[in-house]
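Q: Hey, could you walk me through this model? I'd like to go residue by residue where it helps.

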Amino acid sequence: MNKRTLIKSGTVKENRKARFEYSMEDTIEAGVALTGAEVKSLRFGMANISDGFVQHKKGNLILSNVVIMKLPTANAAVYYDERRYRQLLLHRAQIKRLVGKLKEKGATIVPLKMYFNSRGKLKVLLGIGHGKQVRDKRQTIKQREWDREKARVLKKK
């Protein structure tokens with residue numbers, strides 16, 4: 001394994017594509033139920049959350065399609081599923097609120113960021129939003145370019 005830095009606290013992965021693809025209404029922080037091998041992989045930043053989403057199953061919210069890769073140094077004899085469903089750890093009232101939002105037409109809950117908080121616990125920042133139309137995406141690109149140009153002009157002065 002090549003030299004990777006161990007993440008004690010701070011961002012593991014960020015889903016920058018999600019803010020472009022969805023217009024976010026609200027965000028919420030949730031814990032995730034993980035195994036020890038998964039935590040160690042995340043400490044080395046070996047994850048992909050860009051295709052992840054949240055679904056409701058049996059009264060719980062489940063984080064789906066998030067890949068946490070296996071460390072090359074991990075035990076080969078132990079079964080390890082990189083794409084397994086991971087339960088989100090939330091209060092019952094928060095789950096009910098999010099399930100209500102999920103039932104709205106076109107609503108989606110996506111992971112925006114995975115990070116270790118100051119206490120060393122893994123947290124996921126979830127965004128609740130609706131998919132953007134193509135014209136909205138164009139407007140976002142225009143606004144971003146305008147902001148960059150404005151910053152360049154102000155920097156020259």
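Q: Which ring does the charged end of Lys113 sit over?

A: Happy to help, and keep in mind that this is a predicted model. The charged end of Lys113 sits over the ring of Tyr115, 5.7 Å from the ring centre.

Q: And what about Arg43, which ring does its charged end sit over?

A: That would be Phe116, with the charged end of Arg43 lying 4.0 Å from the centre of the ring.

Q: How many aromatic pairs does a search of the whole structure find?

A: Zero.

Q: OK, on to packing. Which residues of the largest nonpolar core touch the most other members?

A: The core has 26 residues, and the ones touching the most other members are Leu42, Leu61, Leu88, Leu90, Met114 and Leu126. Two or more residues come from each of β2 (22-32), β5 (60-64), α3 (92-102), β8 (107-116) and β9 (122-131). β9 gives the most, with four residues. As general background, nonpolar side chains in soluble globular proteins tend to be buried together.

Q: What does Leu126 touch?

A: Setting aside residues up to four places away in sequence, Leu126 touches Asp26, Thr27, Ile28, Ala30, Val54, Leu88, Ile109, Val110, Pro111 and Leu112.

Q: Which residues does the second core include?

A: Val110, Leu112, Tyr115 and Leu125 are among them. That core is separate and has five residues. Tyr115 is also the residue whose ring has the charged end of Lys113 over it.

Q: Let's stay with β8. How many of its residues are buried?

A: Eight of its ten residues, so to speak "mostly covered" is the fair description.

Q: Which strands does β8 pair with, and in what sense?

A: β8 pairs with β1 (residues 10-14) in the antiparallel sense over four bridges. β8 also pairs with β9 in the antiparallel sense, over nine bridges. Met114 appears in both pairings: Met114 is the bridge partner of Lys13, and Met114 stands opposite Val124 in β9.

Q: In the hairpin of β8 and β9, which residue takes a positive phi?

A: Gly120, with phi near 85°. The hairpin has five residues between the strands.

Q: Switching to electrostatics: how many salt bridges does the structure hold?

A: Six. One of them joins Asp51 and Lys17, where the closest N and O atoms are 3.9 Å apart. Asp51 lies in the loop between β3 (47-48) and β4 (53-57) and Lys17 in helix α1 (residues 16-21), so this pair ties together parts 34 residues apart in sequence.

Q: Are those two buried or partly exposed?

A: Asp51 is partly exposed, with a relative accessible area of 40%. Lys17 is partly exposed too, at 42%.

Q: What is the N to O distance for Asp26 and Arg97?

A: For that salt bridge it's 2.9 Å. Asp26 is in strand β2 and Arg97 in helix α3, and the pair links parts of the chain 71 residues apart. Asp26 counts as partly exposed at 27% relative accessibility, and Arg97 counts as partly exposed at 39%.

Q: And which residue does Glu38 meet in a salt bridge?

A: Arg84, at 2.8 Å from N to O. Glu38 lies in helix α2 and Arg84 in the loop between β6 (67-68) and β7 (86-89), so parts 46 residues apart in sequence are tied together. Glu38 and Arg84 also belong to a network of salt bridges with Arg86.

Q: Why does Glu38 count as buried?

A: Because its relative accessibility is 1%, and buried means under 20%. Arg84 counts as partly exposed, at 25%.

Q: I also want to look at Ser41. Where is it found?

A: Ser41 is in helix α2 (residues 36-43). Ser41 is buried, with a relative accessible area of 1%. Not counting residues up to four places away in sequence, Ser41 touches Met46, Ile68, Met69, Lys70, Leu71 and Tyr80.

Q: Last one: where does Ser9 lie, and what is it in contact with?

A: Ser9 lies in the segment before β1. Leaving aside neighbours within four places in sequence, Ser9 is in contact with Phe116 and Asn117. At 47% relative accessibility, Ser9 counts as partly exposed.

Note on methods
Residues numbered from 1 in each chain as written. Predicted model: local features only at pLDDT ≥ 70, side-chain atom pairs only at ≥ 80, totals over all residues. Heavy atoms only, no water. Buried < 20%, exposed > 50% of the residue type's maximum accessible area, 1.4 Å probe, protein only. Contact = heavy atoms within 4.5 Å. Phe/Tyr/Trp six-rings, centres within 6.5 Å; stacked < 30°, edge-to-face > 60°. Lys NZ or Arg CZ within 6 Å of the ring centre and 35° of its normal. Core = buried A, V, L, I, M, F, W, Y, C linked by side-chain atoms within 4.5 Å. Pairing = 2+ DSSP bridges. Salt bridge = Lys/Arg side-chain N within 4 Å of Asp/Glu carboxyl O.
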